[in-house]
Protein chains: 2
Amino acid sequence: MDEHFPRKPSVTVADVARAAKVSKATAARVLGGYGTVSDSVRETVLQAARALDYRPNELARSMTTGRSGTIGVVVGDIENPFFSAAVRGIADIARSAGFNVILANSGEDIEAEKAAVKTLLAKRVDGLIVTPSRARETSHLEDVVRSGRPLALLDRAIPGLAVDTVTVDDREAAEAATELLVGRGHRRIAYITACDTPEHRFRNIDDIHTASVRLRIEGFLAACERARILDPAGLIRLGANGRAETRKLALELLGSRDRPTAILASDSLIALEVFKVIRELALGIPEDVSLITFHDADWTSVTTPPITVVDQPVYRLGEAVAKLLVARMKGAAEEPRHVVLPTTLISRASVSEAASDT
Amino acid sequence: MDEHFPRKPSVTVADVARAAKVSKATAARVLGGYGTVSDSVRETVLQAARALDYRPNELARSMTTGRSGTIGVVVGDIENPFFSAAVRGIADIARSAGFNVILANSGEDIEAEKAAVKTLLAKRVDGLIVTPSRARETSHLEDVVRSGRPLALLDRAIPGLAVDTVTVDDREAAEAATELLVGRGHRRIAYITACDTPEHRFRNIDDIHTASVRLRIEGFLAACERARILDPAGLIRLGANGRAETRKLALELLGSRDRPTAILASDSLIALEVFKVIRELALGIPEDVSLITFHDADWTSVTTPPITVVDQPVYRLGEAVAKLLVARMKGAAEEPRHVVLPTTLISRASVSEAASDT
DNA sequence: TTTTCATATGAGACCGGTCTCTTTTGGATT
DNA sequence: AATCCAAAAGAGACCGGTCTCATATGAAAA
């Protein structure tokens with residue numbers, strides 16, 4: 001039934017050696033580009049290799065050398081332009097440093113993340129970049145550290161874990177964005193974010209286990225409290241994972257009697273859905289609802305009105321984390337670093353004075 | 001200086017065997033999940049493995065079994081939402097079939113593509129999915145076929161190459177889009193596409209070596225000619241690789257005295273740039289310029305006006321190609337298939353009657 | 001009790017490279 | 001011509017699994 005017909009046996013160094021009438025060791029030296037060989041022999045071997053169409057088996061090489069020349073990357077969702085830009089940054093740096101990238105999607109699911117890390121480790125990647133979906137369940141990441149393989153975290157720090165990390169200044173960014181809204185007189189500000197608490201209701205900041213999400217909420221709350229806004233937490237909405245969920249949340253939020261006058265979206269996918277719902281309800285931006293989103297996705301400047309955003313240097317985030325990892329793989333032994341890249345608030349036209357009828 | 005301190009030696013089957021006081025072969029049988037072992041011994045071995053924190057070395061396993069459990073994917077640009085959606089489709093299917101994905105970016109550069117294919121082959125991926133950037137330079141792909149490794153092409157067919165392929169009906173799609181414009185009275189229609197001819201000028205259809213690009217241009221020209229439009233090829237613009245280049249082309253095109261009354265963009269990234277330029281020049285869509293783009297990127301429905309698009313089933317494209325590949329890897333021996341997925345023209349509001357002053 | 005045969009275990013080759021250690025080679029030195 | 005030594009080549013172990021083949025075990029059959 002399921003018979004796998006045998007692969008045509010590939011040409012090995014031994015074959016080449018035989019053809020070139022030299023020892024396996026010598027052929028290996030030429031083909032592997034190490035040790036010392038005379039020019040004449042080198043030429044003979046290369047010729048034989050070409051004639052036989054020899055292709056090195058990177059697997060075998062990896063097994064003896066211990067390094068595989070690959071770095072594993074585990075992200076939440078490649079379809080999210082945030083991650084695809086970051087991955088591009090990682091891939092570019094990786095390539096120029098001579099590494100390949102194995103990509104795995106966790107779908108923000110902790111079990112999938114654990115499985116991915118496990119197989120990546122089994123594949124003996126030389127280093128690992130992870131966007132941890134939970135800051136609490138970190139046993140698999142601690143395993144990585146214990147195994148001695150370099151690990152770097154992207155976009156989300158984990159307090160107890162001493163590894164290289166690159167994030168943005170989430171707290172400050174959220175604070176600044178919120179302050180902008182507060183400054184324009186808004187007092188009913190909603191914050192919509194993807195997250196994973198069992199019940200999608202925001203109860204307590206300690207229920208939030210994703211570092212970036214938590215920091216942003218803290219920033220949001222801090223700014224609100226400074227403005228003496230009552231119960232700002234009441235307008236925090238978790239669970240905007242995927243279009244449908246986001247849509248539902250937005251409809252609910254905007255359909256209510258005392259709907260918020262401003263919305264802060266935690267990524268461009270969420271913002272897009274919110275934007276659509278606002279339109280659908282025949283509300284105006286910014287007259288009826290002001291909107292700010294994290295991540296300056298390419299389309300945010302072409303909508304009417306263009307959207308005010310918290311610009312995260314996404315590509316550079318990927319570059320930075322890859323650079324840290326590469327340095328670590330080369331044997332850098334200093335203390336793990338936590339790089340925090342700054343965000344910029346780009347003011348466009350989606351924010352206006354809050355209607356004064358409150 | 002650059003001393004790589006030795007990896008802490010990992011726990012092997014032999015170590016586990018010793019600890020469990022059984023032979024290496026028996027331990028391997030338990031750990032590898034093959035052959036036949038008694039329950040009592042199995043338990044002993046598993047316990048020992050747990051105690052030692054044994055982790056299988058997938059590399060070693062791959063070397064003897066010949067399969068690595070990975071599929072290699074070479075795409076033009078992960079940052080392009082077209083590809084990231086397709087990759088997501090691939091990754092999902094791959095995962096559910098038990099495969100990992102190694103991702104490589106070619107940047108639409110044929111040399112990078114060749115290099116990527118080569119290293120992927122060296123890493124002994126079990127199968128390969130490629131978005132070939134040139135339909136003419138295919139030596140590296142023929143190599144793959146010759147090596148006996150399953151190969152599947154995504155989005156772009158290669159005439160002479162008998163391998164599984166998944167594309168959309170590019171020709172018909174371009175024709176339909178063009179006809180829509182023609183039907184509204186447009187006679188100066190520009191087609192902007194990313195491509196790679198040495199001089200970015202369109203001379204002859206035979207200079208176009210990327211299958212999808214070529215088919216679309218053929219469709220475009222066919223529709224134009226049927227409408228007896230003079231020199232439609234004169235408004236074809238190649239070389240829209242990257243924002244800057246696209247912007248330049250768009251500015252040039254729209255700044256000219258007899259600017260086109262309609263533009264057809266070959267992907268959403270190009271369309272976005274064109275959209276921005278149109279705005280910048282204070283022109284109106286669709287009063288001054290009508291716009292249609294390939295790929296229903298998520299933002300195309302939220303601009304003002306929303307954009308008429310050729311909707312390609314991108315995620316399903318990825319799914320389909322991955323499915324074909326998986327089937328092939330399982331040993332399917334039938335003739336290679338070329339699956340053509342249908343596109344849909346989604347009419348929104350970016351197309352209107354051509355100004356009659358022509 | 002002896003034979004039989006499936007099941008369980010062990011010994012060791014093998015995959016395709018790298019790498020250490022030994023032996024050979026040949027030009028420079030005396 | 002004899003000596004020396006670095007460069008070049010060879011022999012074979014090794015990485016960590018899988019897998020074949022031989023052997024041991026034990027319950028059922030004769």
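**Entry 1: the two copies**

I began with the contact between the chains of this predicted model, and found that 100% of the interface residues of chain B are also interface residues in chain A, so the copies meet through the same surface. I then looked up the superposition: chain B is brought onto chain A by a rotation of 180° with 0.1 Å of shift along its axis, at an RMSD of 0.1 Å. I noted this as the relation of a two-fold axis.

**Entry 2: the interface**

I next looked up the residues involved, and recorded 46 residues of chain B in contact with 46 residues of chain A. On the side of chain B that touches chain A, at least two residues each come from α4 (58-65), α5 (81-96), β2 (100-105), α6 (110-122) and α11 (268-280) of chain B. Sorted by class, that side of chain B holds 20 nonpolar, 13 polar and 13 charged residues.

Which strand of chain A pairs with β2(B)? I found that strand β2 of chain A, residues 100-105, does so in the antiparallel sense, over 3 bridges. For one residue I wrote down the partner as well: Leu103(A) is bridged to Val101(B) in β2(B).

**Entry 3: chain A as a whole**

I turned to chain A and listed its secondary structure as 12 helices and 12 strands. Its radius of gyration is 26 Å, whereas a compact globule of 358 residues would have one near 21 Å; the C-alpha trace of chain A spans about 90 × 45 × 40 Å along its principal axes. I also noted that 51% of the 358 residues in chain A are buried, and that, of the contacts in chain A with a separation of 6 or more, 70% join residues 24 or more positions apart.

**Entry 4: a sheet and its helices**

I followed an open sheet of 6 strands in chain A, with mixed pairing and the order β7-β6-β8-β9-β10-β12. Its edge strands are β7 (236-237) and β12 (344-346) of chain A, each of which pairs on one side only. At the β12(A) edge, I found strand β10 of chain A, residues 308-311, paired with β12(A) in the antiparallel sense over 3 bridges, with Asp311(A) opposite Thr344(A) of β12(A).

Helix α8 of chain A, residues 170-183, packs on this sheet and touches β6 (189-192), β8 (262-265), β9 (290-294), β10 and β12 of chain A, with its direction at about 170° to that of β9(A). I last looked up helix α11 of chain A, residues 268-280, which lies across β6, β8 and β9 of chain A and runs at about 160° to β9(A).

Key
Residues are numbered from 1 along each chain as its sequence is written. Chains are lettered from A and ligands numbered from 1 in the order in which they are written. This is a predicted model: local features need pLDDT of at least 70, side-chain atom pairs count only at pLDDT 80 or more; totals for chains, interfaces and linings use all residues. Two residues are in contact if their C-beta atoms, placed from the backbone, lie within 7 Å. Helices (H or I, at least four residues) and strands (E, at least two) are DSSP runs, numbered from the N terminus. Ala, Val, Leu, Ile, Met, Phe, Trp, Tyr, Cys and Pro count as nonpolar, Asp, Glu, Lys and Arg as charged, and the others, Gly among them, as polar. Two strands pair if DSSP finds at least two bridges between them. The radius of gyration is taken over C-alpha atoms; the globule rule is 2.2 Å times the number of residues to the power 0.38. A residue is buried if 20 or more other C-beta atoms lie within 10 Å of its own, exposed if 12 or fewer, and partly exposed in between; C-beta atoms are placed from the backbone. Copies are superposed by least squares on the C-alpha atoms of residues with pLDDT of at least 70 in both. Axes are lines fitted to C-alpha atoms, for helices over the stretch in contact, and angles run from 0 to 180 degrees between N-to-C directions.
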